[in-house]
Amino acid sequence: MEFGVTLKAVIIMKAVILAGGNSNKIRPYWASIPKSMLPVFDRPAIEHLVRRLSRCGITELLIALSKDTPELAEFLGDGSQYGVSIIYFTEHEPLGTAGAVRAFHDMLDTTFLVIPGDCATDIDFAQVLESHLENKCIATIVTTSVTDKTEFGAIELDSDNRITKFIEKPLDSDKFSTDTVSTGIYVFEPEIFGLIPPFQNSDFAMDIFPRLLNNMEIVRGYQANGYWRDLGLMLGYRDTHQDALLGLYKLNIPADEIAPGVFIGKDVQIGDTARITEPVYIGNNAYISSGASIQGRSIIGAESIISEGSAVVNSIVGMKSLVGQNSRVSGCILMSSESIENESQL
């Protein structure tokens with residue numbers, strides 16, 4: 001099923017994807033993989049994002065990379081297979097979120113979107129843009145609600161959704177009267193470049209937004225009507241998969257739904273006495289032995305093997321992993337190419 005969007009108007013818009021970040025927050029598990037390349041249902045997270053932008057009618061993409069993430073450009077190419085065009089910029093030294101966007105300033109002469117490459121979302125970006133244009137402001141921050149504000153940019157809004165206070169990763173979140181935070185998704189007018197110094201490390205959250213508020217500029221918040229998670233956090237990574245299986249995150253899972261909540265990829269082998277309990281995802285070429293059990297909210301990556309007598313419960317098993325005989329994996333996240341010995345309890 002394709003999850004589409006409702007466009008009120010045809011809007012041509014460019015988006016900048018910030019994809020230079022590494023996986024520091026979930027080290028040592030994925031230390032060498034860019035956050036935007038973390039596998040989500042066996043596909044890099046940024047591929048899901050690019051497909052989402054394309055379905056929203058945003059087809060001109062500018063992607064900021066770091067010198068350590070050349071594989072991303074190799075994977076996405078020119079974007080034509082996704083119905084988009086892509087131009088890349090490589091940071092040889094960290095420029096920060098604002099500095100990386102400024103590198104594209106010659107190509108951004110109209111309203112544009114900025115989005116982190118390591119988020120999972122089904123937000124209708126066309127609606128975000130329409131709201132920004134209707135409110136006529138220099139910047140719009142897409143917001144969501146969370147329990148713990150200390151990992152995000154905490155925001156206070158007035159009755160007109162104008163941002164009155166913004167603090168990145170506040171140490172004392174009790175000082176904020178709301179649970180509203182920034183998703184890292186922004187809409188800007190080109191005038192924003194007047195506030196971003198050239199050839200310097202500059203961050204929207206730490207530098208630009210405080211400057212805008214100090215200058216009494218109008219910066220508005222837009223409450224996201226859709227799903228959003230930060231994949232750079234371990235719990236966000238887990239929840240993204242499970243929420244997609246439950247239909248809370250409207251993602252086109254790359255597999256056939258052979259029964260309600262049971263997603264099976266191509267050339268999967270399942271033993272006659274194996275037990276599968278929804279919701280589950282089993283990727284291409286995976287092998288589930290007879291006597292094995294895959295129980296609800298589990299993801300089995302492509303080419304993985306679940307051996308005889310083993311059970312996987314409420315867990316993510318990365319691609320090309322092996323769970324040995326008579327083992328139990330419960331409430332775990334296994335990275336790609338993990339090997340679990342026989343008779344193990346995780």
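Visitor: Why is helix 1 described as largely enclosed by the rest of the structure?

Guide: Helix 1 (residues 45–55) is so described because 9 of its 11 residues are buried. Buried means under 20% relative accessible area, exposed means over 50%, and partly exposed lies in between, with a 1.4 Å probe and protein chains only. The buried residues of helix 1 are Ala45, Ile46, Glu47, His48, Leu49, Val50, Arg52, Leu53 and Ser54. Just after the helix, glycine 57 takes a positive phi of about 85 degrees.

Visitor: On what basis are these values computed?

Guide: This is a predicted model, in which local features need pLDDT of at least 70, side-chain atom pairs count only at pLDDT 80 or more, and totals for chains, interfaces and linings use all residues. Residues are numbered from 1 along each chain as its sequence is written, and side-chain values use heavy atoms, with hydrogens and water left out.

Visitor: What makes a stretch of chain a helix or a strand?

Guide: Both are DSSP runs numbered from the N terminus: a helix is H or I with at least four residues, and a strand is E with at least two. Strand 11 covers residues 180–188, and valine 181 belongs to it.

Visitor: Why is valine 181 counted as buried or exposed?

Guide: Valine 181 has a relative accessible area of 0%, so it is buried. Leaving aside neighbours within four places in sequence, its contacts (heavy atoms within 4.5 Å) include Val142, Phe152 and Ala154. Valine 181 and aspartate 148 are 33 residues apart in sequence, and their C-alpha atoms are 9.5 Å apart in space.

Visitor: How do you know that strand 9 and strand 10 pair?

Guide: Two strands pair if DSSP finds at least two bridges between them. Strand 9 (residues 153–157) and strand 10 (residues 163–168) have 5 bridges, in the antiparallel sense, so the rule is met. Alanine 154 stands opposite isoleucine 167. The two strands form a hairpin with 5 residues between them, and asparagine 161 in the turn has a positive phi of about 65 degrees.

Visitor: How do you know that strand 21 and strand 24 are joined, and in which sense do they run?

Guide: Strand 21 (residues 298–300) and strand 24 (residues 316–317) are joined by 2 bridges and run parallel. The bridge partner of isoleucine 299 is isoleucine 316. Both strands belong to an open sheet of 6 strands in the order 14-15-18-21-24-27, with mixed pairing. Strand 14 (256–259) and strand 27 (333–334) are at the edges with a single partner strand each, so one side of each has no neighbour in the sheet.

Visitor: What makes the meeting of lysine 14 and glutamate 60 a salt bridge?

Guide: A salt bridge is a side-chain nitrogen of Lys or Arg within 4 Å of a carboxyl oxygen of Asp or Glu. For lysine 14 and glutamate 60 the N to O distance is 3.8 Å, so the pair satisfies the rule. Lysine 14 is in strand 1 (residues 14–18) and glutamate 60 in strand 4 (residues 60–66), so the bridge ties together parts 46 residues apart in sequence. Lysine 14 is partly exposed, at 22% relative accessibility, and glutamate 60 is partly exposed as well, at 30%.

Visitor: How many salt bridges does this rule give?

Guide: The count comes to 6 salt bridges. Among them, lysine 35 and aspartate 118 have their closest N and O atoms 2.9 Å apart. That pair links loops 83 residues apart, and both residues are buried. Another joins arginine 238 and aspartate 239 at 2.8 Å, N to O. Salt bridges that share partners also join Arg43, Glu47 and Arg51 into one network.

Visitor: How do you know that cysteine 119 is in no disulfide?

Guide: A disulfide is a pair of cysteine sulfur atoms within 2.5 Å. The structure holds 0 disulfides. The cysteine sulfur nearest to that of cysteine 119 belongs to cysteine 56 and is 12 Å away, so the limit is not met.

Visitor: Why is cysteine 119 called buried, and why is cysteine 332 called buried?

Guide: Cysteine 119 has a relative accessible area of 4%, so it is buried. Cysteine 332 has 17%, so it is buried too.

Visitor: Why is leucine 322 called partly exposed?

Guide: Leucine 322 has a relative accessible area of 32%, so it is partly exposed. Leucine 322 lies in strand 25 (residues 322–323).
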